[in-house]
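Welcome, and thanks for taking a look at this model. Please keep the sequence and the structure open side by side as you read.

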Amino acid sequence: MTAVSIHLPDNYLVEEQTIGSWIFTHDHKRVALLFFASITFFFFIGGFAATLIRVHLVTPQGDLLQPDIYNRMFTMHGIVMVWFFLIPSIPTTMGNFLVPLMIGAHDLAFPRLNIASWHVFNLSGFVLLYALFMGGIDTGWTFYTPFSTAYANGYVILAVVAVFINGFSTIMTALNFVVTIHRLRAPGMYWTRLPLFIWAIYATSAVMLLATPVLAMSLVLIALERLLGVGVFDPALGGDPLLFQHLFWFYSHPAVYIMILPAMGVVSELVTCFARKRIFGYTGMTYALLAIAVFGFLVWGHHMFTAGISLYSGIVFSLMSFLVAVPSAIKVFNWTATLHKGSIAFDAPMLYALGFIGLFTMGGLTGLVVATLGLDVHLTDTYFVIAHFHYIMVGGAVSAYFGGLHYWWPKITGRMYPEIWARGAAILMFLGFNLTFFPQFILGYLGMPRRYYAYAPEWQVWNVLSSAGASILAFAYLLPLFYLTWSLLRGSRAAPNPWQATGLEWQAESPPPKDNFLRTPTVTAGPYEYDAATGVTIAQNGTVYG
Amino acid sequence: MPQQAEAATLGIWVFLATEVLFFSGMLLAYAVLRKAYPAGFAEASRETKIVIGTINTAVLLTSSATMAWAVHAAEAGHRRLLAWLLAATAALGLVFLALKGVEYSQEYDEHLVPGLNFSSASPHEHAIELFYFLYFGLTGIHALHLTIGIVVVAVVAVRAWRAAFAPAYYTPVEITGLYWHFVDLVWIFLYPLIYLNGRSGG
Amino acid sequence: MSKALRHLALAWLGLVLLLVLTLGLSYLPLGSANIVVALTIAMAKGVIVVLIFMKLAHSPPLTWIFAGAGLFWLALLFGLSFTDYATRAGFPPQP
């Protein structure tokens, strides 16, 4: 290991060191780090709520928390994890850091909008924390009416205002990405040469832009109805409580694609690099990303199969839900085909990517189970659904998040992380995750309802297994906190391209200078010119390795 | 720089697309409830102030014309004309808000404000209350957007007066104009939905 | 008056005329056609605002796509929601 005080050449980290130069920065790389700090903070808040829930559920009668507090815990867990961790996670950290670098630009199209987005995010977080400390809410993260509008005690209006403001942050970020990708690509960076991570960010941004405003309106309508005592969801006036669910899920289903599309982009980058092989079916992969983005808007009614929508509507949404699985499956097939006869290195990022492929597939297949009308009657609002979405969001998206974090860590910080610790954490995470959530499939099948503070005693063994898994998972999440921090102080100095990867981001220094590139690069190669047979790699600006 | 002007214009169009979807939620509520309670919604519409509504529509359409003319003036480098046209646009916006205020106060007097003092003797009382919830919701959010527009137009007008723009650079005028036209566009659709329903019946 | 300005003036005139038209037609008892007529006229006014005032007619195709995306997604929201509202037996609730 090299000495502590290493002189890193002038880079974005050391450019200027005042607080003002950070919190009013125009540098997309600094904005990425600021977001990283914010979302990590909220990850641990959401994780704290999850910890309390899993500890509480060790006993069937629920000894730890009062029922009312239990309800507030799962509500807080959902709101924080969805809007303050998962949705921003990859886009605001890796997206912000990498999009300009990967396309050969000096920054995003609207740098001031970028830092403003971070401040808006923090404002929304502050409002939410205020609501939580004042006692929180117990409506579930889904704010269903008429409970949220008429009966819930707690700070519903404050909570929906927090999420409303958070939506602006999302829209600002997405707008920036869309315009940047259209307008700031370096010469030679045709659409057909874009890394799949960029395509994924683009697709995600389109979904963010089209879905979030509808959420905003659904929240406004809740706030108004709660404030005025009358509204369009009120059955006493002839309104429809299900209208809220239509509006809410029109956003919230695409929201899960907002969470998974960037993760898929990351996985594509990791799989090609660590298999030393061009991605199988690049064109199919880009169409699949776009198809997921579009089809994801057509399925929202599958959250309402038993809520009272018409059977005809249920059939339409069930069919759409089956169709949306197709592009996802294509991606899994293509990743697998990429791995086939590749020269696979099992570095930590690859372990996370492999974990993603397996866990996402399980989550996705169980999605088809609940998309089946007849089965959903039995499984809806049970732990089966909880297991299904955690397999995708945690097993999938969070794995990809950690994979990308490790992969680009040398680029972002100029340091290498300790490989053995990282592999250990990845394996521990995979094991802990499965022990936590696989028993929940069984619990759901057996009929255990979600959002209940107590359960039938015969289900205890599965709950204990799940909680045991959760403790392993929590430890696995804490490990990177320690060894990544350690790497900042004593990690070995990273070369510009420690992975010999092909992306333009690896042609800049590690860490990059403030303006990314001295001269705008010219792109002469496709995104994944890895030749597994000869071991020759060609970066996108033409540099040859091996 | 032309690249930045292009980027800004693209950005504002993206933003306007999100605004379309923002209003869509409440418009869906309107569509669902009007389909469910056609008679009640028609009766409620008949009680709206069609004179004020129509004048306000004409006011906004004209303000869009002055705004578009202002962009033309900016392109041509006519500094004073630009500033006056922007001022006229903002002024027309204020006229709209003033008339809206008069309208709202009349509706308050007539006990048509849900959550405050709504009461109706009609057999369609509930549907009428739902209509007015949406009426105040839609026009209120529209008025909020209009107010933001007026402030932005006023700021741009002052900058124009101080010669901040030239034919080579008038991007803020352009994107303000696009936003303003969008606010007008929303109203163009709200007008028939709120004011014109049921006029031939009842 | 330059050509561009003449187009603006004609656009404004067209909008005002359409306003008068839609107002007048709303008093004719056309039954369920009233709403169709009113929204069609509104769309015509919208087309004038978008193409001429917002200069979409002279904008690149990408702008057309962004302009259309919002409307298309509005249509998706309405269309799929109405698979429920057009077929649900219990709505509107009968007293």
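The notes below go through the chains and their contacts.

## About the model

This is a predicted model, in which local features need pLDDT of at least 70 and side-chain atom pairs count only at pLDDT 80 or more, while totals for chains, interfaces and linings use all residues. Residues are numbered from 1 along each chain as its sequence is written, and chains are lettered from A and ligands numbered from 1 in the order in which they are written.

## Chain B on its own

Let us begin with chain B, which has six helices and zero strands. Helices (H or I, at least four residues) and strands (E, at least two) are DSSP runs, numbered from the N terminus. Read from that end, the order of elements in chain B is α-α-α-α-α-α. The C-alpha trace of chain B spans about 60 × 30 × 30 Å along its principal axes.

Of the 202 residues in chain B, 54% are buried. A residue is buried if 20 or more other C-beta atoms lie within 10 Å of its own, exposed if 12 or fewer, and partly exposed in between, with C-beta atoms placed from the backbone. Among the contacts in chain B with a separation of 6 or more, 79% join residues 24 or more positions apart. Two residues are in contact if their C-beta atoms, placed from the backbone, lie within 7 Å.

## Chain C and its neighbours

Chain C is assigned domain 1 (1–54) and domain 2 (58–88); such bounds come from an automatic or database domain assignment. The C-alpha centres of these two domains of chain C are 21 Å apart.

How many residues does each chain bring to the contact between chain C and chain B? Chain C brings 37 residues and chain B brings 35 residues. On the chain C side, helix H1 (3–26), helix H2 (33–53) and helix H3 (61–85) each supply at least two residues, and H3(C) gives the most, with twelve residues. That side of chain C has 29 nonpolar, seven polar and one charged residues. Here Ala, Val, Leu, Ile, Met, Phe, Trp, Tyr, Cys and Pro count as nonpolar, Asp, Glu, Lys and Arg as charged, and the others, Gly among them, as polar.

Chain C also meets chain A, with 16 residues of chain C in contact with 17 residues of chain A. The side of chain C that touches chain A has ten nonpolar, four polar and two charged residues.

## A helix pair between chains B and C

The axes of helix H6 (residues 171–195) of chain B and H2(C) come within 9 Å and cross at roughly 170 degrees. Axes are lines fitted to C-alpha atoms, for helices over the stretch in contact, and angles run from 0 to 180 degrees between N-to-C directions. H6(B) and H2(C) are therefore roughly antiparallel, a term for angles over 145 degrees. Residues making the contact include His181(B), Asp184(B) and Phe189(B) of H6(B), along with Ala38(C), Lys45(C) and Phe53(C) of H2(C). By class, this contact has nine nonpolar, two polar and two charged residues.

## A helix pair within chain A

In chain A, helix H2 (residues 28–56) and helix H15 (residues 460–490) pack at about 155 degrees, with their axes 9 Å apart. H2(A) and H15(A) are therefore roughly antiparallel to each other. Among the residues that meet are Gly47(A) and Arg54(A) in H2(A), and Ser466(A) and Tyr477(A) in H15(A). The contact of H2(A) with H15(A) has five nonpolar, four polar and one charged residues.

Terms used:
Parallel < 35°, antiparallel > 145°, perpendicular 65-115°, else oblique.
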